[in-house]
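This report goes through selected features of one structure, from charge pairs to backbone angles. The sequence and the model come next.

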Amino acid sequence: MAKATTTIRQVLNYQPHRAAWFAANQTLFNQIAAFYFEVIQAHEKVLDLSNKDALTALEMLTHATKKNPIPVMPLAALGAAIPAMFRRAAINAALGSARSFSSHLQKWRKRKEKAMAKGKTFTERPPVPPRTWNKSVPFYAGQWKERSASSIVLKVWTGSCWSWIKVRITGRELPPDAEIGSPSLIGRGKEWWLHTPIEKHFSSPAPIEKQVTTNAHTTICAVDLNLNEQTAVCTIQTVEGTILATRFIGGGREISGFRKKQLGRIARNRRKTGIIAEGEQDNAALWRKLGHRDEDLAHRVSARIVQFAKAHGATVLVFEHLGHLKPEKGKYSRRGNSKRAFWMKGRILRYAKYKAYHEGILTSRVNPRNTSRECARCYGVVVRYQQGQPAQGYTPGVPLVLCPQCAMKGNADRNASLVIGQRLIARYGQASQEKPPTPLLRQERGEKSPGVAVCQDAKGQEEPSLLQAGHADSNEHGTAQDVSLRMDEHSSDILRQLRFPCE
Ligand SMILES: [Zn+2]
């Protein structure tokens, strides 16, 4: 089974004075989290434990019980009696921060060591522990009750006592079939919201390779993302090569015009003031407007891609790798515009992947090299031209395409989208044809693994299953050369696993 998590956001309605209670509740939560962060810093070994064991250890250190009357660093020193579930939520928040801080610190130490070893001066500052704490409060089971579609009862610290209060909820309802996680109380501006994570379980889709190689009717949706008007061009095709549908998702020109206008305004404002304050965002409102509009479009385009794929029964979504941003010359607004359009492609891809997964659709990416220059029908080199101009040469970005070899004619982005889909199919097609027989693999591994000789027994027992596992994996990627590369990787994996019991 696979699972997908989403958050349902609902706004709360309450009497105005309760906002102060929610704030007091959050302040207390953060005091406790900060306290536990200190405890962890004083007992760093705690971080080597699993979250569950760390929680027990931290409670032993801080919480007085009959068996443990005098803890080392008592939490009771903070004042109020804390409900166990409130305390545990705070401990988990502190553990999360401490783990993150510790891993940043370790990475910094490694970079420092590396620089010192090379005799370079190392000026990067070490990461610092959080100075302020502003985490939202999750309500574990026992801290909330009587949840209905329109209300919930929460246990909060009002600043002077613990109190159960009923608040009304508005907004999207919880879906009936989902598993509900602990809701959190989130302060946003003057409003308080309830965020509830929900988990949806569904039978996990088969790996893409299996879908493509074992079922000729597997339908894939290929997407070409563009910087021009057609933000995304999607095509549906089966593994056999039947093309079923095409969808153009526009909006590129509009967003580009909008960005140009806003960036131009920013540039003019900057010219007027002449200086930009350091460490402070200039033209904050304009930037925010730009950001929201980009975000909004990325969500809408990705949603439409996934809707289209779902409507045609596609089970695989494929994009090309995005490559690097090619900086453009020209005015500030032009450079900024192309940069944002590039970021937009990344966002659409990310959101589409996530939204597709919720529908049981897997996402893959293929090599972007010359996807626009190849003919989807005969793999020849195409001509790209503008309407009303002679069909010759290759003008990037213009809409029409013609294949001189097979006379295929049509929209250039649609052709690119088809090529992207075919690359995915070709990847697995080749791998299964050129699959090296097992004996070869065995031979190769034998040559490159002198270490195995030491542990003959382990090798004899483990070999077949491990080899098969490695072999199956190695089919995933393209060419024969790829396969042999991967085998080397796998043989070293096998070595590691084999050597382990002997050492
Ligand atoms: Zn052709």
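## Lys310 and its partner

Lys310 counts as partly exposed because its relative accessibility is 49%. In this predicted model, Lys310 forms a salt bridge with Glu359, and the closest N and O atoms are 3.2 Å apart. Lys310 belongs to helix α6 (residues 284–311), while Glu359 sits in the loop between α7 (332–358) and β13 (362–366), so the pair ties together parts that are 49 residues apart in sequence. Glu359 is likewise partly exposed, at 38% relative accessibility.

Salt bridges that share partners also occur: Glu59, Arg87 and Arg88 are joined in this way into one network.

## Other salt bridges

How many salt bridges does the structure hold? The count is twelve. Side chains of opposite charge can pair when their charged atoms come close.

One of the pairs is Glu199 with Lys3, whose closest N and O atoms are 3.3 Å apart. Glu199 is in strand β8 and Lys3 in strand β1 (residues 2–13), so this salt bridge ties together parts that are 196 residues apart in sequence. Glu199 is partly exposed because its relative accessibility is 21%, where the cut-off for buried is under 20%. Lys3 is partly exposed too, with a relative accessible area of 45%.

Arg111 and Glu124 form another salt bridge, at 2.6 Å from N to O. The two residues are 13 apart in the chain, with Arg111 in helix α3 and Glu124 in the loop between α3 and β2 (137–138). Arg111 has a relative accessible area of 38% and is therefore partly exposed; Glu124, at 35% relative accessibility, is also partly exposed.

## Strand β8 and residue 201

Strand β8, which holds Glu199, also contains His201. With 39% relative accessibility, His201 counts as partly exposed. His201 and Thr5 are 196 residues apart in sequence, and their C-alpha atoms are 9.0 Å apart in space. Thr5 falls within the residue range of β1, 2–13.

## The nonpolar core

In soluble globular proteins, nonpolar side chains tend to be buried together. The largest nonpolar core here has 44 residues. Within this core, the residues with the most contacts are Ile32, Tyr36, Leu58, Leu95 and Leu185. At least two core residues come from each of α1 (18–42), α2 (51–62), α3 (84–117), β4 (151–157), β5 (162–171) and β8 (191–202). Which element gives the most to this core? Helix α3 does, with eleven residues.

Two of these elements also take part in the salt bridges described above: α3 holds Arg111, and β8 holds Glu199.

## Positive surface patch

A patch of positive charge lies on the surface, formed by Lys260, Lys261, Arg265, Arg268, Arg271, Lys272, Lys289 and Lys331. Helix α5 (residues 252–273) gives the most to the patch, with six residues. Arg268 has its place in this helix. Is Arg268 buried, partly exposed or exposed? Arg268 counts as partly exposed because its relative accessibility is 45%.

## A buried residue in helix α7

Ala356 lies in helix α7. The relative accessibility of Ala356 is 0%, so the residue counts as buried. Ala356 and Leu317 are 39 residues apart in sequence, with 7.7 Å between their C-alpha atoms. The loop that holds Glu359, the partner of Lys310, runs between this helix and β13.

## Positive phi values

Most residues other than glycine have a negative phi. Tyr379 has a positive phi, near 65 degrees. Tyr379 is found in the loop between β13 and β14 (383–385). This residue is exposed because its relative accessible area is 54%, the cut-off for exposed being over 50%.

Ala407 also has a positive phi near 65 degrees. Where is Ala407 found? Ala407 is in the loop between β15 (400–402) and β16 (409–411). At 55% relative accessibility, Ala407 counts as exposed.

Definitions and conventions
Residues are numbered from 1 along each chain as its sequence is written. This is a predicted model: local features need pLDDT of at least 70, side-chain atom pairs count only at pLDDT 80 or more; totals for chains, interfaces and linings use all residues. Side-chain values use heavy atoms; hydrogens and water are left out. Patches are made of residues with over 30% relative accessible area and no salt bridge: like charges are joined within 9 Å, nonpolar side chains (Val, Leu, Ile, Met, Phe, Trp, Tyr) within 5 Å. Accessible areas come from the Shrake-Rupley method with a 1.4 Å probe; for residues, only the protein chains shown count as cover. A salt bridge is a side-chain nitrogen of Lys or Arg within 4 Å of a carboxyl oxygen of Asp or Glu. Lys and Arg count as positive and Asp and Glu as negative; His and the chain ends are not counted. The place of a charge is taken as NZ of Lys, CZ of Arg, CG of Asp or CD of Glu. Helices (H or I, at least four residues) and strands (E, at least two) are DSSP runs, numbered from the N terminus. Buried means under 20% relative accessible area, exposed over 50%, partly exposed in between (1.4 Å probe, protein chains only). A nonpolar core is a set of buried Ala, Val, Leu, Ile, Met, Phe, Trp, Tyr and Cys residues joined through side-chain atoms within 4.5 Å.
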